[in-house]
Amino acid sequence: MNRVLILVRHSLRRSRGFLAAAYLLMFGFQWLMILVARQLEEANRFEQLGGLMPSFISQWTNMVAASFRGFVLFGYSHPVVLIFLVALAISIGSEPAGEIESKFVDILMTRPLRRGAAIARTLIVLVIAIAGAVTSMFIGTWCGLKVFAPAAAIVPDTRTILGLAVNLALVVLAWGAIALVAASFAKRRATVTATCGLLALTLFVLDYVGRFWNPAKGISRVSPFHYFSPFAMIGGSPLPVKDVAVLVATTVVCSVVATLVYTRRDL
Amino acid sequence: MAPSSVPAISLLHLSKRYGAIQAVRDVSLTVERGEAFGFLGLNGAGKTTTIRILLDLLRPSGGSAQLFGLDCQKDSIRTRSMVGYLPGELGLYPDMTGQDLLDLTAKLSGGAVSGDYRQKLLDRLELAPVDVHRSLREYSTGMKRKLGLVQALQADPPLLILDEPTEGLDPLVQQTLHQILLELRERGRTVFMSSHVLSEVERLCDRIAVIRKGEIVLLSTVNEARHLGGRIVRIKFRQTVEPITLPQGTAFIDRQATQWTLRADSEVGALIPLLAQLPVKDLEIGEPALEDVLRNFYRPEPVDV
(Lines give C-alpha, C1' and ligand atoms only; values in the text may rest on other atoms or scores of the structure.)
Protein backbone atom coordinates (compact mmCIF):
# COMPACT_ATOMS: atom_id res chain seq x y z
CA MET A 1 0.00 0.00 0.00
CA ASN A 2 1.17 3.55 -0.69
CA ARG A 3 2.91 4.90 2.40
CA VAL A 4 0.74 8.03 2.51
CA LEU A 5 -2.34 5.84 2.60
CA ILE A 6 -0.80 3.76 5.41
CA LEU A 7 -0.41 6.99 7.39
CA VAL A 8 -3.97 8.09 6.52
CA ARG A 9 -5.32 4.77 7.71
CA HIS A 10 -3.30 5.05 10.91
CA SER A 11 -4.56 8.59 11.63
CA LEU A 12 -8.18 7.74 10.88
CA ARG A 13 -7.94 4.63 13.01
CA ARG A 14 -6.66 6.64 15.94
CA SER A 15 -9.39 9.27 15.65
CA ARG A 16 -12.27 7.00 14.67
CA GLY A 17 -14.04 7.31 18.03
CA PHE A 18 -13.82 11.08 18.05
CA LEU A 19 -14.95 11.36 14.43
CA ALA A 20 -17.85 8.96 14.96
CA ALA A 21 -19.03 11.07 17.91
CA ALA A 22 -18.68 14.28 15.85
CA TYR A 23 -20.66 12.78 12.97
CA LEU A 24 -23.40 11.63 15.32
CA LEU A 25 -23.55 15.10 16.81
CA MET A 26 -23.83 16.72 13.36
CA PHE A 27 -26.51 14.24 12.36
CA GLY A 28 -28.43 14.87 15.58
CA PHE A 29 -28.14 18.64 15.24
CA GLN A 30 -29.91 18.54 11.87
CA TRP A 31 -32.67 16.43 13.37
CA LEU A 32 -32.99 18.92 16.20
CA MET A 33 -33.32 21.81 13.73
CA ILE A 34 -36.03 19.92 11.83
CA LEU A 35 -37.90 19.06 15.03
CA VAL A 36 -37.84 22.70 16.20
CA ALA A 37 -38.89 23.87 12.71
CA ARG A 38 -41.77 21.40 12.76
CA GLN A 39 -42.96 22.68 16.12
CA LEU A 40 -42.85 26.28 14.93
CA GLU A 41 -44.61 25.35 11.68
CA GLU A 42 -47.38 23.48 13.48
CA ALA A 43 -47.87 26.37 15.90
CA ASN A 44 -47.82 28.93 13.04
CA ARG A 45 -45.00 30.83 14.78
CA PHE A 46 -42.81 31.59 11.74
CA GLU A 47 -44.72 34.71 10.80
CA GLN A 48 -44.45 35.92 14.40
CA LEU A 49 -40.73 35.12 14.44
CA GLY A 50 -40.17 37.11 11.23
CA GLY A 51 -41.86 40.13 12.77
CA LEU A 52 -39.51 40.08 15.75
CA MET A 53 -36.37 40.32 13.60
CA PRO A 54 -34.65 43.66 13.04
CA SER A 55 -34.98 44.70 9.39
CA PHE A 56 -31.24 44.50 8.61
CA ILE A 57 -31.14 40.91 9.88
CA SER A 58 -34.23 40.00 7.87
CA GLN A 59 -32.66 41.51 4.80
CA TRP A 60 -29.30 39.80 5.28
CA THR A 61 -30.65 36.37 6.16
CA ASN A 62 -33.33 36.37 3.48
CA MET A 63 -35.77 35.68 6.28
CA VAL A 64 -34.39 32.19 6.82
CA ALA A 65 -35.92 31.83 10.19
CA ALA A 66 -39.35 32.81 8.92
CA SER A 67 -40.11 29.54 7.14
CA PHE A 68 -39.82 25.84 7.73
CA ARG A 69 -37.46 25.53 4.74
CA GLY A 70 -35.23 28.40 5.86
CA PHE A 71 -35.02 27.22 9.44
CA VAL A 72 -33.94 23.72 8.36
CA LEU A 73 -31.27 25.15 6.06
CA PHE A 74 -30.03 27.40 8.85
CA GLY A 75 -28.60 24.19 10.32
CA TYR A 76 -25.79 24.52 7.76
CA SER A 77 -24.70 28.02 8.80
CA HIS A 78 -25.53 27.98 12.48
CA PRO A 79 -22.57 29.45 14.42
CA VAL A 80 -22.44 26.36 16.65
CA VAL A 81 -22.01 24.12 13.60
CA LEU A 82 -19.46 26.45 12.06
CA ILE A 83 -17.39 26.77 15.25
CA PHE A 84 -17.53 23.04 15.92
CA LEU A 85 -16.41 22.08 12.42
CA VAL A 86 -13.66 24.72 12.28
CA ALA A 87 -12.38 23.50 15.67
CA LEU A 88 -12.42 19.93 14.32
CA ALA A 89 -10.45 20.99 11.23
CA ILE A 90 -7.90 22.93 13.28
CA SER A 91 -7.46 19.97 15.59
CA ILE A 92 -6.83 17.60 12.67
CA GLY A 93 -4.62 20.12 10.84
CA SER A 94 -2.36 20.45 13.88
CA GLU A 95 -1.36 16.76 13.70
CA PRO A 96 2.21 17.30 12.35
CA ALA A 97 3.03 19.58 15.30
CA GLY A 98 1.49 17.03 17.67
CA GLU A 99 3.79 14.34 16.30
CA ILE A 100 6.84 16.52 16.89
CA GLU A 101 5.67 17.36 20.41
CA SER A 102 5.03 13.72 21.31
CA LYS A 103 8.27 12.63 19.57
CA PHE A 104 6.31 10.10 17.53
CA VAL A 105 7.94 11.82 14.56
CA ASP A 106 11.21 10.08 15.55
CA ILE A 107 9.58 6.76 14.78
CA LEU A 108 7.59 7.89 11.75
CA MET A 109 10.02 10.09 9.86
CA THR A 110 12.99 7.77 10.34
CA ARG A 111 11.19 5.31 8.08
CA PRO A 112 11.77 5.83 4.34
CA LEU A 113 9.06 8.45 3.95
CA ARG A 114 9.14 11.78 2.20
CA ARG A 115 8.56 14.72 4.56
CA GLY A 116 5.69 15.80 2.31
CA ALA A 117 3.93 12.50 3.06
CA ALA A 118 3.10 13.72 6.58
CA ILE A 119 1.46 16.87 5.17
CA ALA A 120 -0.32 14.98 2.38
CA ARG A 121 -1.58 12.52 4.99
CA THR A 122 -3.07 15.26 7.15
CA LEU A 123 -4.65 16.95 4.14
CA ILE A 124 -6.30 13.69 3.06
CA VAL A 125 -7.49 13.04 6.62
CA LEU A 126 -8.93 16.58 6.69
CA VAL A 127 -10.82 16.03 3.44
CA ILE A 128 -12.18 12.67 4.63
CA ALA A 129 -13.14 13.96 8.09
CA ILE A 130 -14.85 17.09 6.77
CA ALA A 131 -16.58 15.23 3.95
CA GLY A 132 -17.80 12.74 6.53
CA ALA A 133 -19.13 15.53 8.76
CA VAL A 134 -21.11 17.31 6.03
CA THR A 135 -22.31 13.98 4.66
CA SER A 136 -23.65 13.04 8.08
CA MET A 137 -25.36 16.46 8.19
CA PHE A 138 -26.86 15.86 4.75
CA ILE A 139 -28.05 12.38 5.72
CA GLY A 140 -29.43 13.82 8.96
CA THR A 141 -31.39 16.45 7.06
CA TRP A 142 -32.64 13.99 4.46
CA CYS A 143 -33.75 11.40 7.02
CA GLY A 144 -35.14 14.08 9.33
CA LEU A 145 -37.25 15.58 6.59
CA LYS A 146 -38.59 12.14 5.60
CA VAL A 147 -39.58 11.38 9.18
CA PHE A 148 -40.50 14.72 10.77
CA ALA A 149 -41.46 17.23 8.04
CA PRO A 150 -45.09 18.34 8.29
CA ALA A 151 -47.09 17.33 5.23
CA ALA A 152 -48.00 20.91 4.35
CA ALA A 153 -44.50 22.37 4.84
CA ILE A 154 -42.30 23.45 1.93
CA VAL A 155 -39.13 21.40 2.31
CA PRO A 156 -35.69 22.52 1.06
CA ASP A 157 -34.57 21.10 -2.26
CA THR A 158 -31.58 18.73 -2.43
CA ARG A 159 -29.59 21.08 -4.68
CA THR A 160 -29.66 23.90 -2.13
CA ILE A 161 -28.74 21.54 0.71
CA LEU A 162 -25.84 20.17 -1.32
CA GLY A 163 -24.67 23.67 -2.26
CA LEU A 164 -24.66 24.73 1.39
CA ALA A 165 -22.88 21.53 2.41
CA VAL A 166 -20.17 22.02 -0.22
CA ASN A 167 -19.62 25.69 0.70
CA LEU A 168 -19.49 24.79 4.40
CA ALA A 169 -17.04 21.94 3.73
CA LEU A 170 -14.78 24.21 1.71
CA VAL A 171 -14.60 26.96 4.33
CA VAL A 172 -13.88 24.39 7.03
CA LEU A 173 -11.24 22.73 4.83
CA ALA A 174 -9.56 26.11 4.28
CA TRP A 175 -9.29 26.46 8.07
CA GLY A 176 -7.81 22.99 8.30
CA ALA A 177 -5.21 23.98 5.70
CA ILE A 178 -4.41 27.19 7.62
CA ALA A 179 -3.85 25.03 10.72
CA LEU A 180 -1.59 22.80 8.60
CA VAL A 181 0.61 25.79 7.75
CA ALA A 182 0.85 26.72 11.43
CA ALA A 183 1.63 23.08 12.29
CA SER A 184 4.44 22.98 9.74
CA PHE A 185 6.21 25.76 11.68
CA ALA A 186 5.29 24.78 15.25
CA LYS A 187 6.65 22.27 17.73
CA ARG A 188 3.60 22.18 19.97
CA ARG A 189 0.04 21.28 19.08
CA ALA A 190 -1.40 23.72 21.63
CA THR A 191 0.43 26.59 19.90
CA VAL A 192 -1.28 25.70 16.63
CA THR A 193 -4.76 25.22 18.05
CA ALA A 194 -4.59 28.35 20.20
CA THR A 195 -3.22 30.54 17.39
CA CYS A 196 -5.62 29.25 14.76
CA GLY A 197 -8.57 29.26 17.16
CA LEU A 198 -7.95 32.88 18.03
CA LEU A 199 -7.45 33.77 14.38
CA ALA A 200 -10.67 31.99 13.39
CA LEU A 201 -12.62 33.81 16.07
CA THR A 202 -11.16 37.17 15.03
CA LEU A 203 -11.87 36.60 11.35
CA PHE A 204 -15.37 35.29 12.12
CA VAL A 205 -16.15 38.55 13.92
CA LEU A 206 -14.43 40.58 11.20
CA ASP A 207 -16.62 38.93 8.57
CA TYR A 208 -19.77 39.83 10.52
CA VAL A 209 -18.58 43.39 11.03
CA GLY A 210 -17.72 43.68 7.33
CA ARG A 211 -21.23 42.60 6.35
CA PHE A 212 -22.88 45.41 8.33
CA TRP A 213 -20.26 48.16 8.46
CA ASN A 214 -19.04 49.45 5.11
CA PRO A 215 -15.55 50.65 6.24
CA ALA A 216 -14.73 47.08 7.32
CA LYS A 217 -16.08 45.50 4.16
CA GLY A 218 -12.75 45.65 2.29
CA ILE A 219 -10.61 44.12 5.03
CA SER A 220 -13.20 41.44 5.78
CA ARG A 221 -12.23 39.85 2.46
CA VAL A 222 -9.17 38.35 4.19
CA SER A 223 -11.52 36.19 6.26
CA PRO A 224 -12.29 32.74 4.81
CA PHE A 225 -15.78 33.16 6.32
CA HIS A 226 -16.35 36.00 3.83
CA TYR A 227 -16.56 33.32 1.12
CA PHE A 228 -19.33 31.41 2.85
CA SER A 229 -22.67 33.02 1.97
CA PRO A 230 -25.35 30.61 3.13
CA PHE A 231 -28.19 33.10 3.24
CA ALA A 232 -27.80 34.03 -0.42
CA MET A 233 -28.04 30.33 -1.30
CA ILE A 234 -31.05 29.88 0.98
CA GLY A 235 -32.58 32.81 -0.88
CA GLY A 236 -32.17 30.90 -4.13
CA SER A 237 -28.74 31.93 -5.44
CA PRO A 238 -26.54 29.11 -6.78
CA LEU A 239 -23.27 28.09 -5.13
CA PRO A 240 -20.98 31.08 -5.90
CA VAL A 241 -18.16 29.91 -8.15
CA LYS A 242 -15.93 32.82 -7.08
CA ASP A 243 -16.24 31.87 -3.41
CA VAL A 244 -15.52 28.22 -4.20
CA ALA A 245 -12.44 29.25 -6.20
CA VAL A 246 -11.10 31.45 -3.38
CA LEU A 247 -11.60 28.73 -0.76
CA VAL A 248 -10.06 26.01 -2.95
CA ALA A 249 -7.13 28.31 -3.77
CA THR A 250 -6.63 29.04 -0.05
CA THR A 251 -6.48 25.32 0.69
CA VAL A 252 -4.10 24.60 -2.17
CA VAL A 253 -1.75 27.51 -1.37
CA CYS A 254 -1.71 26.65 2.35
CA SER A 255 -0.98 22.98 1.58
CA VAL A 256 1.91 23.89 -0.71
CA VAL A 257 3.35 26.33 1.86
CA ALA A 258 2.98 23.72 4.62
CA THR A 259 4.77 21.12 2.51
CA LEU A 260 7.64 23.48 1.67
CA VAL A 261 8.09 24.57 5.28
CA TYR A 262 7.85 21.05 6.73
CA THR A 263 10.27 19.69 4.13
CA ARG A 264 12.93 22.22 5.08
CA ARG A 265 12.58 22.39 8.84
CA ASP A 266 14.29 20.53 11.68
CA LEU A 267 11.97 17.99 13.26
CA MET B 1 23.63 -0.67 -1.68
CA ALA B 2 27.07 0.85 -2.33
CA PRO B 3 30.20 -1.34 -2.69
CA SER B 4 31.31 -3.05 0.50
CA SER B 5 34.42 -0.82 0.73
CA VAL B 6 32.20 2.19 1.42
CA PRO B 7 31.81 2.78 5.18
CA ALA B 8 28.43 2.36 6.80
CA ILE B 9 28.63 5.84 8.38
CA SER B 10 30.77 8.72 7.27
CA LEU B 11 30.68 12.13 8.94
CA LEU B 12 32.81 14.87 7.48
CA HIS B 13 33.25 18.21 9.30
CA LEU B 14 29.67 17.94 10.48
CA SER B 15 28.32 20.89 12.42
CA LYS B 16 24.96 21.99 13.73
CA ARG B 17 24.16 25.36 15.18
CA TYR B 18 20.98 26.52 16.95
CA GLY B 19 21.25 30.28 16.98
CA ALA B 20 24.17 31.07 19.27
CA ILE B 21 24.51 27.48 20.44
CA GLN B 22 26.94 25.23 18.59
CA ALA B 23 25.47 21.79 19.24
CA VAL B 24 27.88 19.86 16.99
CA ARG B 25 31.24 21.23 15.86
CA ASP B 26 33.38 19.83 13.04
CA VAL B 27 32.65 16.18 13.76
CA SER B 28 34.40 13.74 11.43
CA LEU B 29 34.35 9.98 11.82
CA THR B 30 33.72 6.80 9.87
CA VAL B 31 32.13 3.56 10.97
CA GLU B 32 33.02 0.55 8.88
CA ARG B 33 30.49 -2.05 7.83
CA GLY B 34 30.02 -4.82 10.35
CA GLU B 35 31.51 -2.69 13.09
CA ALA B 36 29.94 -2.01 16.48
CA PHE B 37 30.62 1.59 17.38
CA GLY B 38 29.99 3.29 20.70
CA PHE B 39 29.15 6.98 20.71
CA LEU B 40 29.71 8.37 24.18
CA GLY B 41 29.26 11.63 25.95
CA LEU B 42 27.38 13.36 28.71
CA ASN B 43 23.81 14.59 28.29
CA GLY B 44 23.72 17.54 25.91
CA ALA B 45 27.15 16.72 24.45
CA GLY B 46 25.74 16.37 20.92
CA LYS B 47 25.16 12.60 20.61
CA THR B 48 21.47 12.74 19.81
CA THR B 49 21.90 15.77 17.53
CA THR B 50 24.46 13.84 15.48
CA ILE B 51 22.19 10.80 15.34
CA ARG B 52 19.20 12.94 14.29
CA ILE B 53 21.27 14.44 11.47
CA LEU B 54 22.12 10.91 10.26
CA LEU B 55 18.39 10.20 10.15
CA ASP B 56 17.57 13.49 8.39
CA LEU B 57 15.40 14.67 11.28
CA LEU B 58 17.79 17.61 11.60
CA ARG B 59 19.58 19.45 8.83
CA PRO B 60 23.29 20.14 9.38
CA SER B 61 24.62 23.72 9.40
CA GLY B 62 27.83 22.50 7.73
CA GLY B 63 29.70 19.41 6.63
CA SER B 64 28.14 16.21 5.43
CA ALA B 65 26.74 12.94 6.74
CA GLN B 66 26.62 9.79 4.65
CA LEU B 67 25.24 6.31 5.16
CA PHE B 68 26.64 3.63 2.86
CA GLY B 69 28.03 6.35 0.63
CA LEU B 70 24.70 8.14 0.22
CA ASP B 71 24.09 11.63 1.50
CA CYS B 72 21.74 11.56 4.50
CA GLN B 73 19.93 14.67 3.31
CA LYS B 74 19.91 14.35 -0.49
CA ASP B 75 19.24 10.59 -0.51
CA SER B 76 17.43 10.42 2.77
CA ILE B 77 14.70 8.01 1.63
CA ARG B 78 17.30 5.47 0.54
CA THR B 79 19.51 5.96 3.58
CA ARG B 80 16.60 5.66 5.99
CA SER B 81 15.45 2.45 4.30
CA MET B 82 18.74 0.88 5.46
CA VAL B 83 18.45 1.94 9.10
CA GLY B 84 16.69 0.57 12.14
CA TYR B 85 16.45 3.29 14.78
CA LEU B 86 15.71 3.22 18.47
CA PRO B 87 15.18 6.77 19.77
CA GLY B 88 16.49 7.68 23.21
CA GLU B 89 13.07 8.97 24.15
CA LEU B 90 10.29 6.87 22.68
CA GLY B 91 7.25 8.94 21.75
CA LEU B 92 4.39 6.48 21.65
CA TYR B 93 0.67 7.12 21.43
CA PRO B 94 -0.94 5.53 24.48
CA ASP B 95 -4.07 4.53 22.57
CA MET B 96 -2.07 2.31 20.19
CA THR B 97 -1.26 -1.31 20.97
CA GLY B 98 2.23 -2.76 20.65
CA GLN B 99 1.03 -4.73 17.64
CA ASP B 100 -0.28 -1.52 15.99
CA LEU B 101 3.14 0.10 16.34
CA LEU B 102 5.04 -2.92 15.02
CA ASP B 103 2.66 -3.29 12.07
CA LEU B 104 2.81 0.42 11.24
CA THR B 105 6.61 0.62 11.31
CA ALA B 106 6.88 -2.66 9.38
CA LYS B 107 4.61 -1.35 6.63
CA LEU B 108 6.53 1.91 6.46
CA SER B 109 9.93 0.20 6.38
CA GLY B 110 11.73 -0.28 3.12
CA GLY B 111 12.11 -4.06 3.18
CA ALA B 112 9.69 -6.81 4.02
CA VAL B 113 9.50 -7.81 7.67
CA SER B 114 9.59 -11.52 8.43
CA GLY B 115 6.90 -12.50 10.91
CA ASP B 116 9.09 -15.31 12.22
CA TYR B 117 12.03 -13.01 12.84
CA ARG B 118 9.82 -10.49 14.64
CA GLN B 119 8.32 -13.24 16.78
CA LYS B 120 11.80 -14.50 17.70
CA LEU B 121 12.79 -11.02 18.79
CA LEU B 122 9.61 -10.66 20.85
CA ASP B 123 10.24 -14.03 22.49
CA ARG B 124 13.88 -13.29 23.26
CA LEU B 125 13.08 -9.88 24.69
CA GLU B 126 10.28 -11.44 26.73
CA LEU B 127 7.34 -9.57 25.25
CA ALA B 128 4.48 -12.05 25.43
CA PRO B 129 1.70 -12.04 22.78
CA VAL B 130 -0.77 -10.85 25.42
CA ASP B 131 1.51 -7.84 26.12
CA VAL B 132 1.87 -6.99 22.44
CA HIS B 133 -1.91 -6.73 22.14
CA ARG B 134 -2.24 -4.44 25.16
CA SER B 135 -2.54 -0.69 24.76
CA LEU B 136 0.70 1.22 25.24
CA ARG B 137 -0.71 3.18 28.17
CA GLU B 138 -0.44 -0.06 30.15
CA TYR B 139 3.23 -0.54 29.26
CA SER B 140 6.03 -0.08 31.77
CA THR B 141 9.18 1.83 30.79
CA GLY B 142 11.04 -1.43 30.21
CA MET B 143 8.26 -2.86 28.03
CA LYS B 144 8.24 0.29 25.90
CA ARG B 145 11.99 -0.03 25.47
CA LYS B 146 11.66 -3.67 24.40
CA LEU B 147 8.95 -2.74 21.90
CA GLY B 148 11.14 0.08 20.59
CA LEU B 149 13.97 -2.40 20.10
CA VAL B 150 11.75 -4.84 18.23
CA GLN B 151 10.49 -2.09 15.90
CA ALA B 152 14.10 -1.08 15.22
CA LEU B 153 15.36 -4.63 14.62
CA GLN B 154 12.36 -6.29 12.95
CA ALA B 155 13.27 -5.34 9.36
CA ASP B 156 16.80 -6.74 9.93
CA PRO B 157 18.40 -3.59 8.46
CA PRO B 158 22.11 -3.37 7.59
CA LEU B 159 22.60 -0.50 10.05
CA LEU B 160 21.22 -0.13 13.55
CA ILE B 161 21.30 3.23 15.28
CA LEU B 162 20.44 2.76 18.93
CA ASP B 163 20.20 5.64 21.37
CA GLU B 164 20.69 4.29 24.89
CA PRO B 165 19.40 0.81 24.01
CA THR B 166 19.46 -0.75 27.49
CA GLU B 167 18.03 2.15 29.46
CA GLY B 168 15.14 0.87 31.57
CA LEU B 169 15.79 -2.82 30.82
CA ASP B 170 16.30 -5.33 33.60
CA PRO B 171 19.75 -7.01 33.79
CA LEU B 172 18.58 -10.28 32.23
CA VAL B 173 17.01 -8.58 29.23
CA GLN B 174 20.10 -6.38 28.94
CA GLN B 175 22.15 -9.54 28.67
CA THR B 176 19.81 -10.93 26.00
CA LEU B 177 20.05 -7.70 24.04
CA HIS B 178 23.83 -7.80 24.21
CA GLN B 179 23.68 -11.32 22.82
CA ILE B 180 21.35 -10.23 20.01
CA LEU B 181 23.62 -7.33 19.10
CA LEU B 182 26.69 -9.56 19.08
CA GLU B 183 24.87 -11.99 16.79
CA LEU B 184 23.87 -9.14 14.47
CA ARG B 185 27.45 -7.98 14.30
CA GLU B 186 28.55 -11.50 13.46
CA ARG B 187 26.03 -11.47 10.62
CA GLY B 188 27.69 -8.32 9.27
CA ARG B 189 25.21 -5.75 10.54
CA THR B 190 26.63 -2.42 11.65
CA VAL B 191 25.69 -1.17 15.11
CA PHE B 192 26.05 2.49 16.08
CA MET B 193 25.00 3.02 19.65
CA SER B 194 25.11 5.77 22.19
CA SER B 195 25.26 4.67 25.79
CA HIS B 196 26.05 5.76 29.30
CA VAL B 197 26.78 2.20 30.34
CA LEU B 198 30.48 1.84 29.66
CA SER B 199 30.65 -1.84 30.57
CA GLU B 200 28.14 -2.42 27.80
CA VAL B 201 30.20 -0.41 25.31
CA GLU B 202 33.32 -2.25 26.42
CA ARG B 203 31.63 -5.58 25.82
CA LEU B 204 29.91 -4.83 22.53
CA CYS B 205 31.88 -2.20 20.66
CA ASP B 206 35.00 -2.36 18.55
CA ARG B 207 35.57 1.37 18.57
CA ILE B 208 34.33 4.39 20.45
CA ALA B 209 34.09 8.12 20.01
CA VAL B 210 33.67 10.51 22.90
CA ILE B 211 31.89 13.75 22.14
CA ARG B 212 32.12 16.72 24.48
CA LYS B 213 30.41 20.07 23.89
CA GLY B 214 29.77 19.05 20.28
CA GLU B 215 33.36 18.06 19.52
CA ILE B 216 34.96 14.65 19.21
CA VAL B 217 37.61 14.46 21.92
CA LEU B 218 38.49 10.80 21.59
CA LEU B 219 38.20 8.38 18.68
CA SER B 220 39.84 5.01 19.18
CA THR B 221 39.39 1.30 19.60
CA VAL B 222 38.13 0.17 22.98
CA ASN B 223 41.50 -1.47 23.74
CA GLU B 224 43.48 1.63 22.86
CA ALA B 225 41.17 3.75 24.96
CA ARG B 226 41.64 1.45 27.91
CA HIS B 227 45.43 1.75 27.61
CA LEU B 228 45.21 5.54 27.63
CA GLY B 229 44.71 5.23 31.34
CA GLY B 230 48.02 3.41 31.88
CA ARG B 231 48.09 0.65 34.48
CA ILE B 232 46.83 0.83 38.01
CA VAL B 233 49.21 -0.37 40.73
CA ARG B 234 47.77 -1.08 44.19
CA ILE B 235 50.23 -1.66 47.02
CA LYS B 236 49.34 -2.67 50.58
CA PHE B 237 51.92 -2.26 53.35
CA ARG B 238 52.37 -4.10 56.62
CA GLN B 239 52.89 -0.80 58.42
CA THR B 240 52.70 2.94 57.79
CA VAL B 241 55.25 4.13 55.22
CA GLU B 242 56.58 7.55 54.35
CA PRO B 243 55.98 8.84 50.80
CA ILE B 244 58.80 8.31 48.32
CA THR B 245 59.73 9.98 45.05
CA LEU B 246 58.19 7.92 42.29
CA PRO B 247 59.98 7.15 39.01
CA GLN B 248 59.04 9.10 35.89
CA GLY B 249 55.73 8.09 34.32
CA THR B 250 54.27 7.01 37.65
CA ALA B 251 51.96 9.07 39.83
CA PHE B 252 49.90 8.74 42.96
CA ILE B 253 46.15 8.41 42.49
CA ASP B 254 45.42 7.72 46.13
CA ARG B 255 47.83 7.66 49.09
CA GLN B 256 46.85 6.32 52.50
CA ALA B 257 49.00 5.29 55.44
CA THR B 258 49.16 1.58 54.57
CA GLN B 259 47.86 1.57 51.02
CA TRP B 260 48.83 3.37 47.81
CA THR B 261 47.17 3.45 44.44
CA LEU B 262 49.45 4.53 41.59
CA ARG B 263 49.05 5.05 37.90
CA ALA B 264 51.88 3.85 35.68
CA ASP B 265 51.92 5.24 32.15
CA SER B 266 55.10 3.36 31.23
CA GLU B 267 56.78 0.11 32.31
CA VAL B 268 56.57 -0.66 36.01
CA GLY B 269 60.11 -2.12 36.20
CA ALA B 270 61.60 1.05 37.68
CA LEU B 271 59.12 0.86 40.53
CA ILE B 272 60.13 -2.59 41.73
CA PRO B 273 63.55 -1.70 43.33
CA LEU B 274 61.90 1.15 45.22
CA LEU B 275 59.14 -1.06 46.52
CA ALA B 276 61.65 -3.71 47.56
CA GLN B 277 62.88 -1.31 50.25
CA LEU B 278 59.38 -0.97 51.71
CA PRO B 279 57.34 -3.41 53.86
CA VAL B 280 55.07 -4.52 50.99
CA LYS B 281 52.29 -6.90 52.01
CA ASP B 282 50.51 -7.20 48.67
CA LEU B 283 50.93 -5.88 45.13
CA GLU B 284 48.35 -5.76 42.36
CA ILE B 285 48.90 -4.45 38.83
CA GLY B 286 45.78 -4.07 36.75
CA GLU B 287 44.31 -2.30 33.77
CA PRO B 288 42.00 0.61 34.51
CA ALA B 289 38.32 0.28 33.71
CA LEU B 290 37.24 2.10 30.55
CA GLU B 291 34.99 4.13 32.79
CA ASP B 292 37.97 5.56 34.67
CA VAL B 293 39.66 6.52 31.43
CA LEU B 294 36.63 8.08 29.81
CA ARG B 295 35.58 10.04 32.85
CA ASN B 296 38.50 12.34 32.12
CA PHE B 297 37.32 12.92 28.57
CA TYR B 298 33.84 13.80 29.79
CA ARG B 299 35.17 16.62 31.93
CA PRO B 300 35.26 20.14 30.45
CA GLU B 301 39.04 20.26 30.66
CA PRO B 302 40.73 16.88 30.32
CA VAL B 303 43.22 16.01 33.01
CA ASP B 304 45.95 13.42 32.90
CA VAL B 305 44.79 10.05 34.06
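Two residues count as in contact here if their C-beta atoms, placed from the backbone, lie within 7 Å. With that cut-off in hand, and bearing in mind that this is a predicted model, I looked up Val171(A) and, leaving aside residues up to four places away in sequence, I noted that Val171(A) touches Pro224(A), Phe225(A), Tyr227(A), Phe228(A) and Leu247(A).

I then looked up the largest nonpolar core, which has 148 residues, and found Val171(A) listed among those with the most contacts inside this core, together with Ala89(A), Val172(A), Trp175(A), Ala179(A), Ile161(B) and Phe192(B). Helix α10 of chain A, residues 158-185, supplies the largest share of this core, 17 residues.

Turning to chain B, I recorded that the domain assignment gives domain 1 as 9-226 and domain 2 as 231-286, and that the centres of these two domains, taken over C-alpha atoms, are separated by 43 Å.

Next I traced the open sheet of chain B, in which four strands follow the order β2-β1-β4-β5 with antiparallel pairing. Its edge strands are β2 (21-31) and β5 (70-71), each of which pairs on one side only. For the junction at β5(B), I noted two bridges joining this strand to the antiparallel β4 (residues 62-67) of chain B, and I noted that Gln66(B) has Asp71(B), in β5(B), as its bridge partner.

Last, I looked at what packs on this sheet: helix α1 of chain B, residues 47-54, does so by touching β1 (9-18), β2 and β4 of chain B, and the direction of this helix makes about 115° with that of β1(B).

Conventions
Residues numbered from 1 in each chain as written. Chains lettered and ligands numbered in written order. Predicted model: local features only at pLDDT ≥ 70, side-chain atom pairs only at ≥ 80, totals over all residues. Core = buried A, V, L, I, M, F, W, Y, C linked by C-beta atoms within 7 Å. Buried ≥ 20, exposed ≤ 12 C-beta atoms within 10 Å, placed from the backbone. Domains from an automatic or database assignment. Pairing = 2+ DSSP bridges. Axes fitted to C-alpha atoms, helices over the stretch in contact; angles between N-to-C directions.
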